Amino acid sequence: MSEAQALTEALAALRAEARHALSGAESFSALEELRVSFLGRKGRLAEIMSRLPGLSSEEKRQAGQEANSLKEQLTAWHTLRLTELTRTQEAAWLADFDPTLPGRAPAVGGAHPLTQVSDEICQVFAGMGFDVVSGPEIETDYYNFEALNFPPEHPARDMQDTLYITEDVLLRTHTSPLQIRTLLSRRPPVGVVAPGRVYRRDSDLTHSPMFHQIEGMLVGEGVTMAHLRGTLTYFVRKIFGPDTRVRFRPSFFPFTEPSAEVDISCVMCGGKGHVDGETCRVCKSTGWVEILGCGMIDPNVLNAVDVDPQRYSGFAFGMGVERVTMLKYQVGDLRLFFENDVRFLSQFS
């Protein structure tokens, strides 16, 4: 028997064997094993076709046609059986399907914890008569610094770690520019809170180059430090609970005079300075944590917006939403708010 005849007989035997095997495959895995065995790169058909170089040109042409024809048949039989198995599986699924069962509701997300706390803060002040305002995140030096009593050479500008776009255009370092924009468009009495994103060149466990701040102010006749203290004390106790203690410490800000920082009794240890005999890691045994800065609006700021400081006075305050959220929910790492880990975020849904 010649090599050509032997090859033809091998193809015929493979055709008969493959047809029977493929049509009888009982599972997807078994069908895949047969496909690899017959049609794989090292399968039976490939082994037979590797013998073609030993034939004459005419024999090679005829045997090649037979081999290609067999390959098409094997592929067709495999596809047919795959379709049959798929239909059988679908029929089994449908047989177990109960159309009277209620549907499965899709997973529903929730507001980000920073958004929730920002909204809660704004609602507290809205309940006291403050309006909520917003403004551009790209500011000019005038609104961000100069009109807020930051002269060009003022050292407090260095504290802001500003991200400049041009010499006079920058990413705002606080939402305080909205004090200026509001007082230029509205005459006293006026009270607003301004939530929004701000930017500074800073990044670590408790700082982010982009963070959220809420600025607030009230300007009118006869506004005093007592009004500021009462307003912020009410706010703190609405957010952290009625038993929260509040204290004001003298401080300095270029746009307020006098200025103060507001501390609250530690949310972790309740102001005791320790937890179960161990030093409180949040307040470091002091019993107090800083929450925001505030003060009476500097007359220079009122003059910059053509408000008479002899007639009107006002107070302003500013807080980081991330800090309030970390204290409210006792979160130890600021970066958790920006990693988009669903396991973390779902706790606030």
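Analyst: Let's start with how to read a strand: here it is a DSSP run of E, at least two residues long, numbered from the N terminus. In this predicted model, P258 is part of strand 8.

User: Good, that helps. How many helices and strands does the chain have?

Analyst: There are twelve helices and twelve strands in the chain. The chain is also more spread out than a compact globule, because its radius of gyration is 37 Å, well over the 20 Å that the globule rule gives for 349 residues. Along the principal axes, a box of roughly 120 × 50 × 45 Å is filled by the C-alpha atoms.

User: How do I read burial, and what share of the residues of the chain count as buried?

Analyst: The cut-off to keep in mind is a relative accessible area under 20% for buried and over 50% for exposed. In this chain, 40% of the 349 residues count as buried. The accessible surface comes to about 19,500 Å², and carbon and sulfur atoms hold 52% of that area.

User: And contacts along the sequence: what percentage of those with a separation of 6 or more comes from residues 24 or more positions apart?

Analyst: Such pairs account for 68% of the contacts in the chain with a separation of 6 or more.

User: How far apart are the mean positions of the positive and negative charges?

Analyst: The two mean positions lie 4 Å apart, taken over 35 positive and 45 negative charges.

User: Let's zoom in on strand 8 again. Is T256 buried or exposed?

Analyst: T256 has a relative accessible area of 2%, so it is buried. T256 lies in strand 8, which covers residues 256–265. The side chains of T256 and S259 are joined by a polar contact of 2.5 Å. Leaving out residues up to four places away in sequence, T256 touches several others, including C294, G295, M296 and A316.

User: Can we try a glutamine too? Where does Q213 lie?

Analyst: Q213 is in strand 6, residues 210–220. With a relative accessible area of 10%, Q213 is buried. A polar atom of the Q213 side chain lies 2.9 Å from the backbone nitrogen of T175. T175 is also among the residues that Q213 touches beyond four places in sequence, as are H174, A194, R200, M319 and V321.

User: Now the backbone. For cis peptide bonds I look at omega; what is omega near for the bond from E257 to P258?

Analyst: Omega is near 0° there, and the peptide bond from E257 to P258 is cis. This brings us back to P258 in strand 8. Another cis bond runs from P188 to P189, with omega near 5°. P189 is in a loop, between helix 8 (177–185) and strand 5 (190–199).

User: And phi? Which residue other than glycine has a positive phi of about 60°?

Analyst: D306 is one, with a positive phi of about 60°. Its loop runs between helix 10 (299–304) and strand 12 (313–320). D306 counts as exposed because its relative accessibility is 64%.

User: Let me try N340 as a last exercise. What is its phi near, and where is it found?

Analyst: Phi of N340 is near 60°, again positive in a residue other than glycine. N340 is found in the loop between helix 11 (321–329) and helix 12 (342–345). At 57% relative accessibility, N340 counts as exposed.

Conventions. Residues numbered from 1 in each chain as written. Predicted model: local features only at pLDDT ≥ 70, side-chain atom pairs only at ≥ 80, totals over all residues. Heavy atoms only, no water. Helix = DSSP H or I, 4+ residues; strand = E, 2+ residues; numbered from the N terminus. Rg over C-alpha atoms; globule rule 2.2 N^0.38 Å. Buried < 20%, exposed > 50% of the residue type's maximum accessible area, 1.4 Å probe, protein only. Contact = heavy atoms within 4.5 Å. Areas by Shrake-Rupley, 256 points an atom, 1.4 Å probe, with all protein chains shown as cover. Lys, Arg positive; Asp, Glu negative; His and termini not counted. Charge placed at Lys NZ, Arg CZ, Asp CG, Glu CD. Polar contact = N/O pair within 3.5 Å; in protein donor to acceptor, adjacent residues only side chain to side chain.
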